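Student: Could we go through this model together, starting with the chain as a whole and then turning to its helices?

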Amino acid sequence: MSKREFPSLDRRDFLKAASGGVAALAAGSSLAGMPALAAQPPAADASGAPDKLRIDIHGHIFPNAYLDLLDSLGGGGTGTHIARIVNGSGSKEELEGRFQMMDRAGVKMQVLSPAPQFPYFEKRESAVTACKFINDSYAEYVRRFPDRFVAYVSVPLPHVDAALEEMRRGLDTLGMVGVTMGTSVLTRSVADPMFDPFWEEMNRRGVILFFHPHGLGACSPLLQDYGLTWPIGAPIEDTVLIAHLLGKQIPKRYPRVRIIVPHLGGDISLVFNRIDNQRSLFMPADTEKPSVTVKGFWYDTVSHAYAPALRLACEALGADRFLLGSDYPYETGELCQRCVDYVKDPGTGLTPEQIEAILDRNAQALFRLVPKPPVSR
């Protein structure tokens with residue numbers, strides 16, 4: 001089991017009840033309106049983790065040396081051009097701008113992954129070399145900026161034995177907070193039986209698993225050849241991922257893996273009735289409805305700040321399953337700020353309590369991060 005555990009429902013219910021009781025007491029007494037009450041820090045559990053922390057669970061850094069390494073090894077499946085067109089190198093200047101944007105948006109910490117630049121190669125040596133490079137690079141960013149960054153560990157798939165070894169190193173030695181995978185491994189489904197040993201070990205450890213489109217346009221030339229790999233291919237990859245997980249009964253077989261799907265879960269909230277009614281075409285007959293199973297995943301809010309999409313997704317999947325994401329550095333400046341602001345848009349139909357949960361509580365309830373003081377730099 002990972003070191004970070006879920007808070008129990010009883011504890012969360014207790015905290016909500018307790019906070020409501022304090023507010024009622026303050027409103028009916030001479031304590032009402034006192035600044036000291038508002039200035040109190042959020043409640044913390046025994047580990048020191050506060051109950052409330054604004055975490056961006058979907059951020060990237062693309063060190064130039066890593067991109068050069070991927071190119072020298074053959075590209076990693078998707079090539080590096082998409083990462084080279086954005087300012088996300090992790091240089092001193094880039095990080096200064098990133099931290100300023102995080103501060104403006106009220107984001108305390110960001111969880112890093114190199115997606116879609118996964119260290120995936122058919123040649124085992126290439127995959128291991130690239131994987132160790134990016135994990136060591138991210139560990140160094142976390143060491144230098146422990147108040148701003150944590151990271152997911154990347155694994156050198158499709159080589160399961162090497163992936164198991166690197167996951168152990170990333171989680172146990174480098175102190176990473178979860179695992180990241182592509183929505184496919186090159187052209188293989190993540191639900192392919194060849195990956196069962198990896199799923200078994202993630203389940204044993206109870207890891208947080210963050211998925212991200214691999215950038216292959218769902219392996220379709222109808223997307224790749226028409227420039228649609230990212231405009232519509234990314235949410236399609238997310239949707240296909242969920243369907244594969246459902247079809248191979250991954251959530252039922254490995255229930256302790258805590259799965260995060262980005263981009264509101266792709267198009268899954270649009271097809272609830274369809275996949276329920278046609279589940280016999282891709283799922284065993286004796287399973288629960290897909291629309292029930294998918295409510296056990298987590299999802300991030302990346303949707304290019306489109307309030308109606310967030311509204312539908314929250315209505316279908318539950319606002320308690322949504323985590324703040326920015327997709328930085330693909331969305332910077334005004335777009336980065338909108339990633340936070342649009343959650344508060346009246347068009348989402350969210351209540352103040354739901355808005356606070358999505359921005360400041362849901363991710364912290366999952367990750368239980370304890371912010372560390374900045375190091376002198």
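**Contacts, packing and one helix**

Student: In this predicted model, what percentage of the contacts between residues at least 6 apart in sequence join residues at least 24 apart?
Tutor: The count is taken within a protein chain that has 16 helices and ten strands. Among its contacts between residues at least 6 apart in sequence, the share that joins residues at least 24 apart is 78%.

Student: How are H3 and H6 oriented relative to each other?
Tutor: The axes of H3, residues 64-73, and H6, residues 124-144, come within 10 Å of each other and cross at roughly 175°. Since angles over 145 degrees count as roughly antiparallel, the two helices H3 and H6 are therefore roughly antiparallel.

Student: How many residues of the contact of H3 with H6 are charged?
Tutor: On the H3 side the contact is made by Ala 65, Tyr 66, Leu 69, Leu 70 and Leu 73, which meet Ser 126, Thr 129, Ala 130, Phe 133 and Ile 134 in H6. These residues divide into eight nonpolar and two polar, and the number of charged ones is no more than none: no charged residues.

Student: What should helix H10 span at 1.5 Å a residue?
Tutor: H10 covers residues 233-247, which is 15 residues. The expected span takes 1.5 Å times one less than the number of residues, and the end C-alpha atoms of H10 lie 21 Å apart, which agrees with the expected 21 Å.

Student: Which residue with a positive phi follows H10?
Tutor: Among the buried residues of H10 are Leu 245, Leu 246 and Gly 247. After the helix comes a residue whose phi is positive, near 60°, namely Gln 249.

Conventions. Residues numbered from 1 in each chain as written. Predicted model: local features only at pLDDT ≥ 70, side-chain atom pairs only at ≥ 80, totals over all residues. Heavy atoms only, no water. Helix = DSSP H or I, 4+ residues; strand = E, 2+ residues; numbered from the N terminus. Buried < 20%, exposed > 50% of the residue type's maximum accessible area, 1.4 Å probe, protein only. Axes fitted to C-alpha atoms, helices over the stretch in contact; angles between N-to-C directions. Parallel < 35°, antiparallel > 145°, perpendicular 65-115°, else oblique. Contact = heavy atoms within 4.5 Å. Nonpolar A, V, L, I, M, F, W, Y, C, P; charged D, E, K, R; others polar.
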